[in-house]
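Student: I'd like a close look at one part of this model, the surroundings of ligand 1. Take me through it in one go, and then show me what else is worth a look in the same model.

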Amino acid sequence: MSESNRPKRTILVCCGTGCLANHSLKIYHKLKELITKAGVDVAVETYIKTTGCNGLCEKGPIVKITPDDIAYFKVKESDVEEIFEKTILQGEVINRLLYLDSVTGKRFKSHKENDFYKRQMKIALRNIGEIDPADIFDYIERGGYESLKKALFTMTPESIIEEVVKSGLRGRGGAGFPTGRKWKQCAGYNNYPKYVLCNGDEGDPGAFMDRSIMEGDPHSIIEGMAICAYALGSNTGFAYIRDEYALAVKNMSNAINKAKEAKFLGENILGSGFNFDIQIVRGGGAFVCGESTALMSSIEGKVGEPRAKYIRSVEKGLWGQPTVLNNVETWANIPVIIEKGGEWYSGIGAPKSTGTKVFSLVGKIRNTGLVEVPMGIALRELIFDIGGGITAGRKFKAVQTGGPSGGCIPESLLDLNVDFDSLTKAGSMMGSGGMIVMDERTCMVDVARYYLNFLAEESCGKCLPCREGIKRMLEILNSICAGKGLAGDIELLQEICATVSEASLCALGKSAPNPVVTTIHYFEDEYLAHIRDKRCPAGVCKELTTYYIDPENCKGCGLCLKNCPAGAVSGQPKSWHSIDQKLCIKCGNCIDNCKFHAVKIR
Amino acid sequence: MTVEKNSQRILSYTRDVMAGYPREQRFTLAMLQDIQKKYKYIPRESLEQLSDHLGVPLSKLYSIATFYKALSLQPKGDHVIRVCDGTACHIRSSMVIVDELAKILMIKPGETTSDGKFSLETVNCLGSCAMAPAMVIDETYYGKVTPSRTREILNEYGGVDCE
Ligand SMILES: Cc1cc2nc3c(=O)[nH]c(=O)nc-3n(C[C@H](O)[C@H](O)[C@H](O)COP(=O)(O)O)c2cc1C
Ligand code: SF4
Ligand code: SF4
Ligand code: FES
Ligand code: FES
């Protein structure tokens, strides 16, 4: 019916993992049914699409309507009919479903106007939420594969690499190695075949940007890889994707097939004579497999153990051949750099950290989700202006960046600029862009213990200092959290930290002490409270925590009683409630639910 | 019946999986993943068969199967509950959810209930950190789980008989 002259309208239903869990697919089907039923009677020709994650999963499911530029948040199945009747049939905006700024009470019709989106700059995430990832024409319509054409027909391999060098782009997977330099090195080896790899292992807990790109805009990765392959003279690529990311695997495979049909991949791409194909390898769920040499060994069908890096992968990587490995987000930037030029890109962000970076804002922050901002943004702006600050009006304590190899940054450093070098100087690192925001109810000793526990499980065990050192540190932290900490434990931890980071083979071991080092450095008081006073100020370590209700503040609202899973709270409405210590399982639900700060920690 | 029949079925499924890939060592993991998906663990029969087919020693396959977390050598329950204990979930009290489930099911993480109905596991990040604490049962995601909601969720799967 597209031959009709009716104006067009498209409904975009977010079907990223966050919204899916909140039943966005039901909303999609119900809307679709209503549209189909109404058929040509609708004055405006209406299309409906599913998209990848819009970034603000906290307020999902999200339904956007173009070209009206309306965005509805927290849509329920029961809202669907009203959306259809009012917005689709009559072009009317439903105020109740618009984004609500909880501070000013203002509502915004377009999602681009609210604080969460307004300050962002989308390059890697340029298409996500705007296109149907299963439809290659959506990607093409927004300029997709134009950069590949430009590279193939108007640029030389050298000039492509030169643009990427000029852009200043540094790898988004963790180490921040300059991408252009890596390509240039690899191009220098006259040894074929060469391989182009995509790291979609995303092992860093708390980060989900790579997942979002693979699910929401797979062609941007494919196009980036194809451009690189042409510059290096490589004909074979591999995308290594976590097997747990079922939707990412599906959307990437589908996109690869569609790209082949459209001649953007495969033999004789667009008639240029250049061949390049990408195969998908599903990862086995080991954190260390995200490390470059372990990843290659895993693709070869072996156990994913790192090897010493005196031989670099650009020279001898996969099957001993020259190999370029880049992260998902790195790849997604490439088409834009080729389109607009390296110089344009290098003008964004900070001098030695150019461009934008995607961060996942998670933890005790109000607007949890994915954001893309220019590098160099102040931590404070990221957490408070975009992220909306801390939940439940609590106090900010720290933000953890860089994943298990990163560190915790305290309140005193909130004015820090977020770029590769500043984060490293503060004792943390950029990592893949996970930002885990912590408040006064987060115990820093427990956080250190958490990461060591993670690393103890994930160490491949090849190096003795990594394997045994992490285990020993974990034992000490376990005993501190259990109230059995001894004077001298802090010094002992620091000593082991030094040995482990010096004597381990790969970056997992080398950086494993970071969470311990930074929490001791910035939060020694909390360690001392555990060791000396046998108290956990955050009320997290169960052995050191007793909850009680302060009669001064208790209004008898009963919220604690209602939310206690153990039946430990008793009290009559409007009078003082109290906790039976014998029944209390110390889950903290009462303290998190009490609006009057009446539940306290002893 | 059934041990023998079952074993036959496993062998025939493994043959199908092997037929789907070129006979090269680099597809070992992919084959193991397919078998894991079907049976929720890797039966010994499959390992032996793969070892013959690929010419890879059984010991090497065992070390691959134990190295990769997504693979299991132990059979799992009908429903696999995976509670996220990634960082974002951890600081939003995911361990309280694990403890509560462990209490209701009377098993520890890594174990299966005696009636074979539920397995309980913890995982590092489901990529749904915005909905922390998150968990997934089989393929269904649950966000913002609270201790009091866990029993309700289990009921969707027929709940717990014992008690
Ligand atoms: C233990 C460990 C785990 C890693 N995990 C990942 C990962 O999940 N994803 C990723 O892109 N890079 C990961 N890296 C970094 C890679 O080794 C490599 O530097 C990166 O993929 C290169 O791509 P880039 O230059 O585009 O960042 C990890 C490194 C280490 C040491
Ligand atoms: S440092 Fe740890 S993870 Fe890395 S190779 Fe050594 S033992 Fe394995
Ligand atoms: S900490 Fe948990 S179990 Fe204890 S009283 Fe509060 S809500 Fe109940
Ligand atoms: S999944 Fe919809 S906003 Fe993230
Ligand atoms: S930390 Fe739990 S989903 Fe990411």
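Tutor: A definition to start with: a strand here is a DSSP run of E with at least two residues, and strands are numbered from the N terminus. Also keep in mind that you're looking at a predicted model.

With that in hand, go to ligand 1. It is surrounded by 18 residues, and the closest are G173(A), N199(A), N326(A), N327(A) and T330(A). Which element gives the most to this shell? It's strand 10 of chain A, with three residues. That strand covers 323-327, so by the numbering rule N326(A) and N327(A) both sit in it. Helix 20 of chain A, residues 507-511, likewise supplies at least two residues of the shell.

Now zoom in on the atoms. The side chain of N327(A) puts an N or O atom 2.8 Å from an oxygen atom of ligand 1. G203(A) works through its backbone: a polar atom there is 3.0 Å from an oxygen atom of the ligand. G290(A) brings a backbone N or O atom too, but its partner is a nitrogen atom of ligand 1, at 3.3 Å. As for how covered the ligand is, it exposes 610 Å² when taken alone, and the protein buries 89% of that. Sorted by class, the shell has nine polar, five charged and four nonpolar residues.

For contrast, hop over to ligand 3. Its shell holds 13 residues, and the closest are C564(A), C584(A), C587(A), G588(A) and C590(A). The class split there reads 10 nonpolar, two polar and one charged. Before you read much into that nonpolar count, remember that Cys is counted as nonpolar and Gly as polar.

From the ligands, move out to where chain A meets chain B. Chain A brings 56 residues to the contact and chain B brings 38. Together the two chains bury about 3700 Å², with carbon and sulfur atoms giving 53% of it. On the chain B side, R26(B), T87(B) and I91(B) supply 18% of the area which that chain buries against chain A, more than any other three residues.

There's plenty of polar business across this interface as well. Six salt bridges turn up between the two chains. One you can click on joins the side chains of D34(B) and R282(A), with N to O at 3.0 Å. On top of that listing, 28 residue pairs across the interface are in polar contact. Helices 2, 4, 5, 6 and 7 of chain B each supply at least two residues of the side that touches chain A. Helix 2 of chain B gives the most, with six residues. Sorted by class, that side of chain B has 17 nonpolar, 11 polar and 10 charged residues.

To place those helices, step back to chain B as a whole. It has seven helices and four strands, running α-α-α-α-β-α-α-β-β-β-α from the N terminus on. Its C-alpha atoms fill a box of roughly 50 × 40 × 25 Å along the principal axes.

One last stop is back in chain A. Over all chains, the salt bridges come to 43. Among them is the one between the side chains of K64(A) and E130(A), at 2.9 Å from N to O. That pair links distant parts of the chain, 66 residues apart: K64(A) is in strand 3, while E130(A) is in the loop between helix 4 and helix 5.

Methods:
Residues numbered from 1 in each chain as written. Chains lettered and ligands numbered in written order. Predicted model: local features only at pLDDT ≥ 70, side-chain atom pairs only at ≥ 80, totals over all residues. Heavy atoms only, no water. Near = heavy atom within 4 Å. Polar contact = N/O pair within 3.5 Å; in protein donor to acceptor, adjacent residues only side chain to side chain. Areas by Shrake-Rupley, 256 points an atom, 1.4 Å probe, with all protein chains shown as cover. Contact = heavy atoms within 4.5 Å. Buried area = accessible area lost by both parts, 1.4 Å probe. Salt bridge = Lys/Arg side-chain N within 4 Å of Asp/Glu carboxyl O.
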